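I opened the notebook to look up a few contacts and surface features in this model. The entries follow in the order I took them.

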Amino acid sequence: MSQPTALFAFDGPQRIAAGAYVDVTCKVSTYLQERPQAQVLIFNADTGKQVDLDLRGGPDEIRARADAAADYGPGKAGKGRPKLGVTAKEVTLLPRHWDWLAVQPGGASVTLRKLVERASKDPDAPEQRQARASAAYNFMHAVAGDLPGFEEASRQLFAGNLAGVAAVVTSWPGDIGEQVLLIAG
């Protein structure tokens, strides 16, 4: 599985880092060297799920490992269009869907890529709103599951009521409420 492109890290209720994978990894490594007793949780910014990082060595070693991993990442080897990082996988559709795709300019692959790109870039698409709500919930569950109002904030989140979420999370400590709202969009 590939590494996430962006992360954020918390020590208790305080956000200690946010940004690109390598930058956050380096910051967390340095933070933990200075505070070995800290209880740091690191999250994938896209999914809100916790991730484990390889924090061995200092910033130079961490950057070298990330650079080495990038050399073997998507688009570096394999079948298909390597420069694009194209991956062949199975797609199952109904016959009428295949019929429709067959008559589209560029064929099925081009049409599917365009549809996926368009949907993934539309922040108001229902799938994107659901993904943001799920990511915010994943983070909330990990750090705020015992806080007052967690269940109400969850209900408001999945109802799409960000004002309702904000009303609840503003009473939460540190940067937690701010991060929930940032993820939820």
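How many salt bridges does the count come to? The model is predicted, and I noted a count of six salt bridges in it.

**Entry: Arg15 and Glu178.** I started with the pair Arg15 and Glu178, which form a salt bridge with their closest N and O atoms 2.7 Å apart. I then looked up where the two residues sit: Arg15 is in strand β2 (residues 14-20) and Glu178 in helix α8 (residues 176-184). They are 163 residues apart, and the pair links distant parts of the chain.

**Entry: Arg35 and Glu34.** I found a salt bridge between the side chains of Glu34 and Arg35, at 3.3 Å from N to O. Are these two buried or exposed? Glu34 has 55% relative accessibility, so I entered it as exposed, the cut-off being over 50%. Arg35 has 37%, so I entered it as partly exposed, in the range between 20% and 50%.

**Entry: Glu152 and Arg155.** For the salt bridge between Glu152 and Arg155, I recorded 3.1 Å between the closest N and O atoms. Both residues belong to helix α6 (residues 150-158), and because they are three residues apart there, about one helical turn separates them. Glu152 counts as partly exposed because its relative accessibility is 30%. I also noted a network: Asp54, Arg56 and Arg65 are joined into one by salt bridges that share partners.

As a reminder to myself, side chains of opposite charge can pair when their charged atoms come close.

**Entry: strands β1 and β3.** I turned to the strands next. In which sense do β1 and β3 pair? Strand β1 (residues 6-11) pairs with β3 in the antiparallel sense, over five bridges. I looked up Phe8 and found that its bridge partner in β3 is Phe43. Strand β3 spans residues 40-44, and I marked it as mostly covered, with four of its five residues buried.

**Entry: nonpolar surface patch.** Which residues form a nonpolar patch on the surface? I listed Val91, Leu93 and Trp98, which together have about 240 Å² of accessible area. I placed Leu93 in the loop between α2 (59-71) and α3 (95-102). Leu93 has a relative accessible area of 31%, so I entered it as partly exposed. That value also passes the patch cut-off, because patches take residues with over 30% relative accessible area.

Methods. Residues are numbered from 1 along each chain as its sequence is written. This is a predicted model: local features need pLDDT of at least 70, side-chain atom pairs count only at pLDDT 80 or more; totals for chains, interfaces and linings use all residues. Side-chain values use heavy atoms; hydrogens and water are left out. Buried means under 20% relative accessible area, exposed over 50%, partly exposed in between (1.4 Å probe, protein chains only). Two strands pair if DSSP finds at least two bridges between them. A salt bridge is a side-chain nitrogen of Lys or Arg within 4 Å of a carboxyl oxygen of Asp or Glu. Patches are made of residues with over 30% relative accessible area and no salt bridge: like charges are joined within 9 Å, nonpolar side chains (Val, Leu, Ile, Met, Phe, Trp, Tyr) within 5 Å. Accessible areas come from the Shrake-Rupley method with a 1.4 Å probe; for residues, only the protein chains shown count as cover.
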